[in-house]
Amino acid sequence: MEPQADLDIFLVAPPGLEHVLAEEARALGFRDVIPGPGGVSSRGGWPEIWRANLWLRGAGRVLVRIAAFRALHLAQLDKRARRVPWAEMLHPDRPVRVEATCRGSRIYHAGAAAQRVERAIAETLGAPVGAEDDTAIRVLVRIEDDLCTISLDSSGEPLHRRGHKQEMGKAPLRETLAALFLRQCEYNGGEPVVDPMCGSGTFVIEAAEIAAGLAPGRGRRFAFEAFAGFDPAAWEAMRAAPAPAPPDLRFHGFDRDQGAIAASRANADRAGIAALTCFTCQPIAALTPPEGPTGLVMVNPPYGGRIGNAKALYPLYGTLGEVLRTRFAGWRVGIVTSKPQLARATGLPFGPDGPPIPHGGLKIRLYRTDPLG
């Protein structure tokens with residue numbers, strides 16, 4: 001595994017937010033960044049792949065494209081898969097799991113395609129294949145229009161699993177999605193964030209970590225640590241980069257559920273940012289701006305898809321809108337919901353609707369305002 005090898009990197013993004021992840025990748029200095037369906041393409045060596053896993057907040061996974069060739073039938077797939085230099089990237093004693101998809105191709109049976117690539121790995125490298133456990137390296141085979149692309153999943157567990165959020169409320173928002181919504185609201189870590197219905201604290205914790213300059217992947221392991229040629233010393237040096245001084249800001253979460261507040265505090269403590277956050281049990285009607293500068297109100301209220309009944313939520317959204325309009329002058333607002341009618345019930349002056357984003361079987365959108373008058 002050459003450290004400076006120029007590789008195709010694919011950053012997986014929620015459909016509809018690829019351009020937002022591309023903005024984040026460019027801001028972090030990744031090169032040749034091009035958004036496309038389902039994610040963002042980039043190029044770089046293995047250290048860039050490590051850095052993408054460590055620092056990107058919006059990516060769901062980081063895939064490394066290691067081979068691409070045309071395959072018109074299974075025998076051709078088998079032959080060309082054996083030419084992939086598996087030993088340069090994988091250990092012979094590390095289990096491997098191959099997952100395949102086929103679309104618009106003469107090879108149409110995904111299971112058969114996966115078996116051929118598994119056999120090629122087993123017979124050329126000697127690695128155990130077909131493992132279902134979490135330690136297995138995922139090899140992803142995509143055959144589209146007869147073009148076969150083979151990638152390694154360098155992340156392992158999805159990247160929204162930061163390693164500190166063990167307490168979760170109902171229908172939690174993934175950290176990666178929360179980070180992309182914060183970026184869409186032009187949040188960059190230089191202002192306070194308030195979440196009036198914070199659940200397990202995702203928006204508040206993400207915002208505090210961004211302000212503190214903490215790497216989202218600092219507390220977890222990645223699949224690439226088990227790749228052949230991995231350099232532990234170089235990786236530790238990358239992880240050990242000093243964090244900037246803590247910001248002179250506080251990030252506030254509120255919820256009427258005492259259990260949610262306790263979960264948020266525990267999650268913030270595990271994340272190492274408890275000193276930057278304040279979680280309080282109170283209803284929406286009691287919400288007032290914290291002392292200090294104006295900033296961003298970011299909220300993911302219930303939307304009746306899985307929690308509660310949508311009709312019963314109109315008064316809640318109405319109260320939220322009234323409180324923000326009358327008490328939060330100068331603050332911007334971002335609201336995530338699945339129903340445009342609920343967003344409109346706030347009476348807030350939203351700009352254009354955000355794109356529909358898949359989330360837990362629903363389509364959610366971000367609604368955002370300019371600073372309130």
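**Exercise 1. In which strand is the place of Thr 149, and is Thr 149 buried or exposed?**

Solution. The structure is a predicted model, and the assignment of secondary structure puts Thr 149 in strand 7. The next step is its accessibility: the relative value for Thr 149 is 8%, and since buried means under 20% relative accessible area, Thr 149 counts as buried. The last step is to list its surroundings: once neighbours within four places in sequence are left aside, Thr 149 is in contact with Arg 65, Ala 67 and Ala 68, and also with Leu 140, Val 141 and Arg 142.

**Exercise 2. Describe the open sheet with the order 2-3-1-4-7-6-5, and state which helices pack on it.**

Solution. Begin with the topology: seven strands form this open sheet, and their pairing is mixed. Strand 2 (31–36) and strand 5 stand at the edges, and because each has a single partner strand, one side of each is left without a neighbour in the sheet. From one strand to the next, the twist averages 25 degrees.

Then take one pairing in detail. Strand 5 and strand 6 run in the parallel sense and are joined over eight bridges, and within this pairing Val 98 has Val 139 of strand 6 as its bridge partner.

Finally, add the helices. Helix 1 (residues 18–27) packs on the sheet and touches strand 1 (7–12), strand 2 and strand 3 (39–44), its direction making about 170 degrees with that of strand 2. Helix 3 (residues 74–81) also packs on the sheet, touching strand 4 (62–70), strand 6 and strand 7 (147–153), and its direction makes about 120 degrees with that of strand 4.

**Exercise 3. Which residues of helix 1 are buried, and what covers them?**

Solution. The buried residues in helix 1 are Glu 18, Val 20, Leu 21, Ala 22, Glu 24 and Ala 25. Their cover includes strand 1, strand 2 and strand 3, together with helix 2 and helix 5 (175–184). Following the chain just past helix 1, one comes to Gly 29, which takes a positive phi of about 90 degrees.

**Exercise 4. Characterise the packing of helix 3 and helix 4.**

Solution. Two packed helices are described by the angle between their axes and by the distance between the axes. For helix 3 and helix 4 (residues 110–124), the angle is about 30 degrees and the axes are 8 Å apart. Angles under 35 degrees count as roughly parallel, so helix 3 is roughly parallel to helix 4. The crossing of helix 3 past helix 4 is right-handed. On the side of helix 3, the contact is made by Leu 74, Ala 75, Leu 77, Asp 78 and Ala 81, while helix 4 contributes Ala 112, Ala 113, Arg 116, Val 117, Arg 119 and Ala 120.

**Exercise 5. How many salt bridges does a search of the whole structure find? Set out the surroundings of some of them.**

Solution. The search finds 22 salt bridges, and three pairs and a network serve as examples.

- Arg 51 and Glu 48 meet through their side chains at 3.0 Å, N to O. Being three residues apart in helix 2 (residues 46–55), the two are separated by about one helical turn, and Arg 51 is buried, with a relative accessible area of 17%.
- Glu 99 and Arg 138 form a salt bridge at 2.9 Å, N to O. This pair links distant parts of the chain, 39 residues apart, with Glu 99 in strand 5 (residues 96–103) and Arg 138 in strand 6 (residues 137–144). Glu 99 counts as partly exposed at 29% relative accessibility, whereas Arg 138 is buried at 15%.
- Glu 209 forms a salt bridge with Arg 218, with the closest N and O atoms 3.0 Å apart. Glu 209 is buried at 0% relative accessibility, whereas Arg 218, at 24%, counts as partly exposed.
- Asp 6, Asp 8, Arg 31, Asp 32 and Arg 43 are linked in a network of salt bridges.

**Exercise 6. Describe the open sheet with the order 10-9-8-11-12-14-13.**

Solution. This open sheet is formed by seven strands with mixed pairing. Its edge strands are strand 10 (277–281) and strand 13 (357–359), each of which pairs on one side only, and the twist averages 20 degrees from one strand to the next. Strand 11 (residues 296–299) and strand 12 (residues 332–337) run parallel and are joined by four bridges; Leu 296 has Arg 332 of strand 12 as its bridge partner.

Conventions:
Residues are numbered from 1 along each chain as its sequence is written. This is a predicted model: local features need pLDDT of at least 70, side-chain atom pairs count only at pLDDT 80 or more; totals for chains, interfaces and linings use all residues. Side-chain values use heavy atoms; hydrogens and water are left out. A salt bridge is a side-chain nitrogen of Lys or Arg within 4 Å of a carboxyl oxygen of Asp or Glu. Buried means under 20% relative accessible area, exposed over 50%, partly exposed in between (1.4 Å probe, protein chains only). Two strands pair if DSSP finds at least two bridges between them. Axes are lines fitted to C-alpha atoms, for helices over the stretch in contact, and angles run from 0 to 180 degrees between N-to-C directions. Contact means heavy atoms within 4.5 Å. Angles under 35 degrees count as roughly parallel, over 145 as roughly antiparallel, 65 to 115 as roughly perpendicular and the rest as oblique. A crossing is left-handed if the near helix is turned anticlockwise from the far one by less than a right angle, and right-handed if clockwise.
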